Each structure stands twice: as structure tokens, then as C-alpha cells.
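Please open the structure in your viewer and keep the selection panel at hand. The tour below moves from one selection to the next and says what is found at each stop.

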Amino acid sequence: MSNEAGGIVGEFLSLKASTDADVLAMQCGDFYEFFADDAELVAAELDLKVSQKSSHGSSYPMAGVPLSELTPYLTALVERGYRVAVADQYETADGHAREIERVVSPGTVLDPGDAAARYLAAVERDGDGYGLAFADVTTGRFRAAAVDDVDDVRAELHRFDPVELLPGLGLRDDDAWPAVRDDTDARLTRRDPEAFAPGRARHRLREQFGRETLDAVGLDADAAVAAAGAVLRYVDETGAGVLASMTRLGTLDPGGRVALDATTQRNLELTETMQGERDGTLLSTLDHTETAAGSRLLREWVTRPRRDRAELERRHDAVEALASAALARDRLLDHLDGTADLERLAARATSGSAGPRDLAAVRAALATLPALASAVEGTPLAESPVADALARPDQAAARALHDELDDALVDDPPGSPGEGGVIARGHDDELDELVAEYEEAREWLDGLADREKRRHGLSHVTVDRNKTDGYYVQVGKSAADGVPEHYREIKTLKNSKRFVTDELEERERTVLRLEESRGELERDLFADLRGTVADRAELLQDVGRALAELDALASLAEHAAGNDWTRPDVVAPGEGDLTVDAGRHPVVERTTDFVPNDLRMDDERGFLLVTGPNMSGKSTYMRQCALVVLLAQAGSFVPADAATVPLVDGIYTRVGALDELAQGRSTFMVEMQELSNILHSATDESLVILDEVGRGTATYDGISIAWAATEYLHNEVRARTLFATHYHELTSLADHLPRVANVHVAAEERDGEVTFLRRVRDGPTDRSYGVHVADLAGVPAPVVDRADEVLDRLRAEKAIEARGSDSDAGTKQAVFDLSAGEFVGGADGRESAGPTTTANGTDREERAADANPADDGRAAGGNGEGGGRAATVKPRRAEDTADATLPPDVRAVVSELRSADVNDTSPLELAGRVSEWQRRLESASESTPNADASAEAAAETNADTETDR
Ligand code: ADP
């Protein structure tokens, strides 16, 4: 194509062919132009006008933007996911030529619209595992690490939320690639395999960060080195010019961090709600920061909780000091307000794109450091880690750089260095001389009008300058005839004439020459200054980090003080119980009259089964417990009256709530994958939150999985677990697994109305709540009674064993009879599970009674005490199990009734449905019962419908 089209279009097309960018912007004089397909694309995306450009007999679409406006257009294109090549024009001996200077992509754009971190990521896999690298070109942050597991890859991708991802070939060949790809919103940019070659990558990393650094941070695995190298190479090749601001290589700190997989980050709504919004997240609730850098750091703390007790106590000390010193805190926040983003300015300085106002902002931010230090002096903060954080950057170097900038820059510089008036007087002798001369010339010009009036007796004289005429003397028409001989007329206007003189022309030349030299010199001096700042990128990052830290700590203190949060006691794992007094949900408490609840988990009570009706507050309770732990390990105060948090190594959650399933956000397969991940990854130092397990399948499948998962978590993993379930049957496990205890969220019925008390109490909830609700809804008593009976019988032949392994006697078994809702037969571990098995052993009788409100003592062995080992349960008597008496029509009503969700149905609709059921029951009672209906058929119906109960 480039051969056909010559000239400018031909040049465009051949440049375009040389790049893998999606779009090319080519400088043509004062414009950047797009041609052919690119013109159409850009016009459609950005509402530009398309014109036609003829070239060598063909006509091409063309669209353009002025030079000065390229940046916003580039940013807009990149935001839409395009990679844009920019070709600049330069002078040659015989005209101009153009060359691609830079490719702007989502991960390499230097002037993004917002202040959030923008990561460019690379991921590679080899035989040993995965390598990850993340770089934020706008701040120079760079992190890389090796991880073993693809779940860690996904967790880190979720945490860093990169805008562009370079997937290595090894990753693309991996089975897990489709899942990783689907999980990220990042633009995927494929690079040649050689971009990931470990040998070259290692060399590149050593050049960038120094040989020792690589050893010091332990970056050794080939995959990690390859990923890091690929990122560096990409940043280099795209011409962002910011490599110099990437001064430090960080790790992902796998040892000290808390595992927080992508699912958990989403379920706990840390930075994004389940609906994908930012409002209503933990971060948006906590974030009172004054600066962009502070906000970025807070995000990092919330998404990367720590296990390092000393570091957490340092943050807690600082938050405590800041929370109680309200006045000093306000003063600090005032100083921080409007402080520039030093990390970003450092990157702009190294890329050469920082302008005079950017350097003035650096100067102001550097001045904030001593201002903050003196605001802290003499206050209680002086003894706190706040003072240490401020003292950490090299104060002398910061002061020196500040003074250098202050010496060189005027107070309020213009936006661009070539306009003059950027560099302060006294900074450079040559410039001072030029300025003096220039000012003298200007003074002469300023006084000229008056002098000419006096000298030649003229009235109405002005001296001015414009682009076409240069400097001129303008004389009113009436006086124009009296001008002296040496005036040369250059223009006649309606009421005046314009003249020049030799002297004026000479002065004009002087002024122009001085202006030009001054502009040139200022540009050079400014470039030197910018170079000085770029050389101190690391210092700027240190100061920026200190300011950000102060901002984030002050923000946590602000929130703690304003919401009655308290300092948590963080203790080593195993050195204390997890207790929360009057805990609240940090986000829900902001908008609701919140009912606080306690949490107590210890060696005897490590697994809480949470029951309660729909909408009673189970999820909220479990999430608040997880968030209290997370906040404590982020270094924050917590929403509670008191809390002791033994440090966890991971927080795992899975939410199988029905609305998730219904909205297609989850499938049974996903649910099981998440469960599997938890069972594999959690340890006895983890916190596990399970919000329904097994809902996505038939009842008996679901209950069996939930049952077995409970046993495994209790016996093998031994993680602290909160498990909300609607399988009431599971509550009996508390009697057989020593560390399992029941709690329920209480609801109260009064005058046929259910009131949610939001109180978490020990013991399981009422048993057949669904049928109970049907009763409340006014379903006729015979139907409710019958439903209870049917429920019992459906469970008749089902039995599950409980396996415990906590006793000295090794594995013991008990058989749970679903029909009776209790254990039967030989639970030889029953006694050893005795009264010490829960923290509140005194409740046991009550709870057992609660669990079996209809206990008629039918089941052999009662609660399983004293019986021998039993592997099976005797079937019930035939007349009990047979459910032949129920006509199909009635059965259908009963099944619909059971599956009706009272909380999700409007009263009006409910009334309608109830009267329809009544009508159907009436007509059913007129027909004869179907003698063939078997219990088995009824069980099938039940199994089908229970899943969406
Ligand atoms: P469940 O998981 O039992 O279905 P949720 O936890 O989703 O119930 O809570 C249902 C509703 O009750 C939510 O709108 C929540 O805001 C509110 N809620 C839950 N716990 C409390 C509480 N302790 N105080 C006040 N409101 C609460």
C-alpha cells in the first residue's frame, strides 16, 4: 500500500507498517495527523472531523489534532484500550523526516486522567512456577516476584489491577491461562518470546537495579526475572523515558503478607463492591486522605494486610497518637492538602515532561516536610512513629534540593519554559545580564510615547507592537500631519496612522534578539534544573512516601476518631483467642442503625456454624468479623469496643448465596473450585468465611458436601472458620466435633410479624424455619403440619456419619439421622466430645432441645450416647416412610410452599399465592388420593425444589 501512496500519506503508511501499535499519530507541522483507516477510527472514537487528502491520484481520509492538544486525545484513545504510536517531525538537511518516538499504551501513559496507580504487568510461567512483575510508570514503582500457584497470580492481578498485561508464552500455553485472562480487565499485549528470555532479562535487571539488589530481594527464579525483564524492555521500547525513575526493585513480600485471594477481595468488597462500584467499599469508607499518594498507599495497606507484628504496632501507635491529637492532626492535614504527587513528579522529571509548574510543585512539596516536622514538634505526636516517618527521608538532601529549586525558579512560573520569566534573578549571571539589557530596552520603549509627545509637540501618541507590524508609533489623524521627517508611515487606519523610525527598528531588533536569547537560555537552564530533579528521583520517592504515609495514617486516625473505633490488640498466632467485643461492619454501620455483636473463637470454639433466617444478618456478621481481622492487620483501628486479633496468614471467603447463583455470577462448578482452593490453601492460622456451601446442587448433594467440608476444616485444616448454612442438620455437628459451636442470628416473631433482632446468640436457630414462615404467612394449619411431617419423612432414609479426630482414641464416628435431625447409634466419641467441647457447655442441653423441637425419641440410641459403633441406620417402619397418602396436587402445593421465599416476595404477591394454594388444595381434596405416590417420588420432588428454596 505504501508504494502506491507517495508523499505524506505514503510516509504515514510505511511508518504504520513498521509498528505493532493500533494507531499512528504523525506530526505534520503544527498538527498530528491520522490518515486512512486510522483517521476513520480516531474520528469515530473521538468525534474528530474527517477530511479528504489527495495523494498521487488517490484520496485518503484524514483527521488531525493541534500539537498542543495531542495529550488529551492520546489519553482518551489509550483509555479505550488502543496503543498509539507517535511519530515526531524533525529537521534534516533537505527538509523534514519523521520517526516514531514513542508508543503510548494503557500501561505506559504518563499523563493519565486520575491519580490512581496504573500498573503495567507481565506474567510468565515455566516448569518451576509463575513469575510476576508490576510497574507503575507514573511513579516508578516496580515489584516482581515468583509464586507457585496460579491462584496467587490471580490474587496479585486483582490486587494490582493492572491496565496492561504482557503475558509470556509460557503463561499462554498454560491450562490456567483462559481463567487468568478472563479475570483481568487489563489490555493484553503480546510480545515476542525473546522479550521474556531470562538471560537477557537478568542482564537488563542488573543494569537497572544493580547486581546486589537482585540478590538482596531474592529475585532469582527464571520466570520472575523474565517477567521483570519484559516489563523493563517494554517500558524502554515504548519510549516512555521513565526507566530512570524506576530506582527500586520491590518484592511482593510473600512471607509477610496475608493471603487474600481474588475471590476474597471481591467478597469483602475491599476496593470494589460485588456490583463493581467504588462507592460502598471498605476503601471508600476509610479514605479521608488529602493526597493522591496517600490514597494509593491506603489502598495498598487494605489490599495487602501484614503479618509483621512490629510494623502493625507501629501503625497502630501512629494512628492512636493521631486519633487523640485532633488539633495537631488538623494542622498536618492542612499542610498535606494540595501537596503535589512527588512520586509522579519524579517520573515526569526523568521522562523530561515536567514543566516549570511541576518543578514549582516539587519545591512546595519539599517545603512541606520541615513544615510538618515543626507542626509535630511539641505535640504528643513528637513521641510517636509519625515523627519517625517524617524523619526518615534525607532531610539535608531534601533541603538542598528545595533551596536549589527555590534559588532557580520564580515564585509562580508560567507553564512552559520558553516563554521567559521561569528562572529567578540571581541564579545565572548571563541570564541576569540578558534580562537587564532586555529591561532597559523595554524601558526605552515604554517611555517612547511620552518622549515623542514632548519632543515633537504631538498629541495622541501611543507605542505598541503586533505580529505583522512589529513595534510602531501610532499618531491620531489630527496630529499625523505634524510628525517629524524621520517618521516613516507604514499604515493608515481610520482615525490614525502608524509610523516607524530607524531607531525604533533597531530597538525592536534588540528586543527580539534578547527575547530569543533569553528564551533559549531559560530553556537550557530549566532543562538543567529538571535534570537535577531527575537525578534525585529516589529522594523524591522517599519524601513522597513519608508524606503519603502520614496522610494514610492521619486518614485512618480521622476515621477511627469519628466512628468510635478502637485499637486492636494484635498477638502472635496461637498466643491468644480471637475476640471482638461489640463489633460492627465498617461499611454497613455508616448507613444503618447497627446492632453490634461479639465474636469469640478459642481453642475449644474454633468453628462457628452460623444459622438464622434469610436476611437476618448472617453474611453481615461473618464479613464484619473478617473485616475486623483485616483492618487490624492493615494497621487500622477496628469498629468494635475491643478486639484481640491473633495474626492470621490468610483470609479465605466463599459466598454461595442464592442471589449470586441467580444472577449468574456463580455456578456450582465455581463454588466447588472456590471451596477446593480454600481446603487446599487454608492453614490452622487462617480465617475462613463460608457463606453457604452446596446451594448450587440438590439438597442431599449439598448437605453432604457441606458436612464433609466442615469435618475436613475442623479435623485437618483446623482453620478458624465461620460457616453460615441453611442446612439445619449441620448444627448437630457441634455435639460431635469438639471445636464446632453453633451461633444464630436471632429473629423474633410477634403477632405474626418477624422482627430481625440482628443479635448473634449461642446455639442453633429454630429448626424448620421455612415451614415456620409458611405458618406465619397464614398458610392453613393442616398444610403446615403436613409440611413438617413430609419434611421429616423425606429425610427418613438418609443418614450421615460424623467423623471426628480430636480425641486420643483416634477417629470416631457417629451417624446422623436426617429424619430425626440427630445422631443415632455408635458414636463412641460421644462422651469424649462431652461438656468441654464448646465454650458454653451449659447451653448444650438447651441447644440440643432447640435442635430437635419435635424430638419424639424415635431414633435408636437417642443422642448416640453409649451405643456401639454403627455404620448404618435401621430403616424406619414402613408406615412411617410411606408417603403414599398425599395426592400429587397437594404434593405440588406443599413443594411450592416450601420453596417460597417469604423475604423475597411482596406481601401482596404472597397473599395471591396463598389464596391460589388454598384454591388448589380445595379442588385437590375433591379428587381421590393417588395410591401410587411413593415416598421416593416425593423425595425427588423435594430434592429438585430444595435447591432453590
Ligand atoms: P443474611 O446473610 O442472613 O441473609 P444479611 O447479612 O445479608 O443477611 O443482612 C440482611 C440485612 O440486614 C442487610 O441489609 C444488612 O444491612 C442488615 N443487617 C445485617 N446485620 C445487621 C446489624 N447487625 N445491624 C443492623 N443491620 C444489619
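## First stop: a helix start

Begin by selecting V150, which lies in helix α4, a helix that covers residues 150–160. The model is a predicted one, and that should be kept in mind at every stop. V150 counts as buried because its relative accessible area is 17%, and the cut-off for that term is under 20%. If residues up to four places away in sequence are set aside, V150 touches Y130, A176 and V180. Now add D174 to the selection: D174 is 24 residues from V150 along the chain, and the C-alpha atoms of the two are separated by 9.7 Å.

## The whole chain

Clear the selection and colour by secondary structure, which for this chain comes to 34 helices and 29 strands. The chain has 949 residues, and buried residues make up 54% of them. Of the contacts in the chain with a separation of 6 or more, 69% are accounted for by residues 24 or more positions apart. If you switch to a surface display, the chain exposes about 41000 Å², of which carbon and sulfur atoms supply 45%.

## Two nonpolar cores

Next, select L332, L381, V386, L405, L599, I651 and L722, which touch the most other members of the largest nonpolar core, a set of 124 residues. Helix α22 (residues 537–562) provides the largest share of this core, with 13 residues. Where does this core lie with respect to domain 3 and domain 4? It lies between them, because domain 3 (429–514) and domain 4 (569–766) both give residues to it. In soluble globular proteins, nonpolar side chains tend to be buried together.

Centre the view on L599, and leave aside its neighbours within four places in sequence: L599 is then in contact with L578, T579, V580, L608, Y621, C625 and L722. Apart from the core just visited lies another core, of 32 residues, and A135, V225, A228 and L249 are among them.

## The ligand

Now select the ligand together with the residues around it, of which there are 14, with V595, M615, K618, S619 and T620 coming nearest. The largest share of this shell, 3 residues, comes from helix α24, which covers residues 618–634.

Which distances are worth displaying here? Three pairs can be drawn, each with an oxygen atom of the ligand at one end:

- a polar backbone atom of G617, at 3.0 Å from a ligand oxygen atom;
- an N or O atom in the side chain of T620, at 2.5 Å from a ligand oxygen atom;
- a polar side-chain atom of R758, at 3.1 Å from a ligand oxygen atom.

On its own the ligand has 560 Å² of accessible area, and the protein covers 79% of that.

## Two buried loop residues

Move to T339, in the loop between α14 (326–336) and α15 (342–351). T339 is buried, since its relative accessible area is 15%, where under 20% is required. A polar atom of the T339 side chain lies 3.1 Å from the backbone oxygen of H335, and the T339 side chain also reaches the backbone oxygen of L336, at 2.7 Å. Not counting residues up to four places away in sequence, T339 touches T291, A365, T368 and L547.

Then select S105, which is found in the loop between β6 (95–104) and β7 (120–126). Is S105 buried or exposed? S105 is buried, as its relative accessible area is 0%. The side chain of S105 makes a polar contact with the side chain of Y234, at 3.2 Å. Y234 also appears in the list of residues that S105 touches beyond four places in sequence, along with V78, Y82, R83 and E164.

## Last stop: two positive phi values

Most residues other than glycine have a negative phi. With this in mind, select D47, which is not a glycine and yet has a positive phi of about 60°. D47 lies in the loop between α2 (36–46) and β3 (51–55), and D47 counts as exposed because its relative accessibility is 72%, against a cut-off of over 50%.

Finish at E269, a residue other than glycine whose phi is also positive, near 50°. E269 is found in the loop between α10 (262–267) and α11 (282–286).

Definitions and conventions
Residues numbered from 1 in each chain as written. Predicted model: local features only at pLDDT ≥ 70, side-chain atom pairs only at ≥ 80, totals over all residues. Heavy atoms only, no water. Core = buried A, V, L, I, M, F, W, Y, C linked by side-chain atoms within 4.5 Å. Buried < 20%, exposed > 50% of the residue type's maximum accessible area, 1.4 Å probe, protein only. Helix = DSSP H or I, 4+ residues; strand = E, 2+ residues; numbered from the N terminus. Domains from an automatic or database assignment. Contact = heavy atoms within 4.5 Å. Near = heavy atom within 4 Å. Polar contact = N/O pair within 3.5 Å; in protein donor to acceptor, adjacent residues only side chain to side chain. Areas by Shrake-Rupley, 256 points an atom, 1.4 Å probe, with all protein chains shown as cover.
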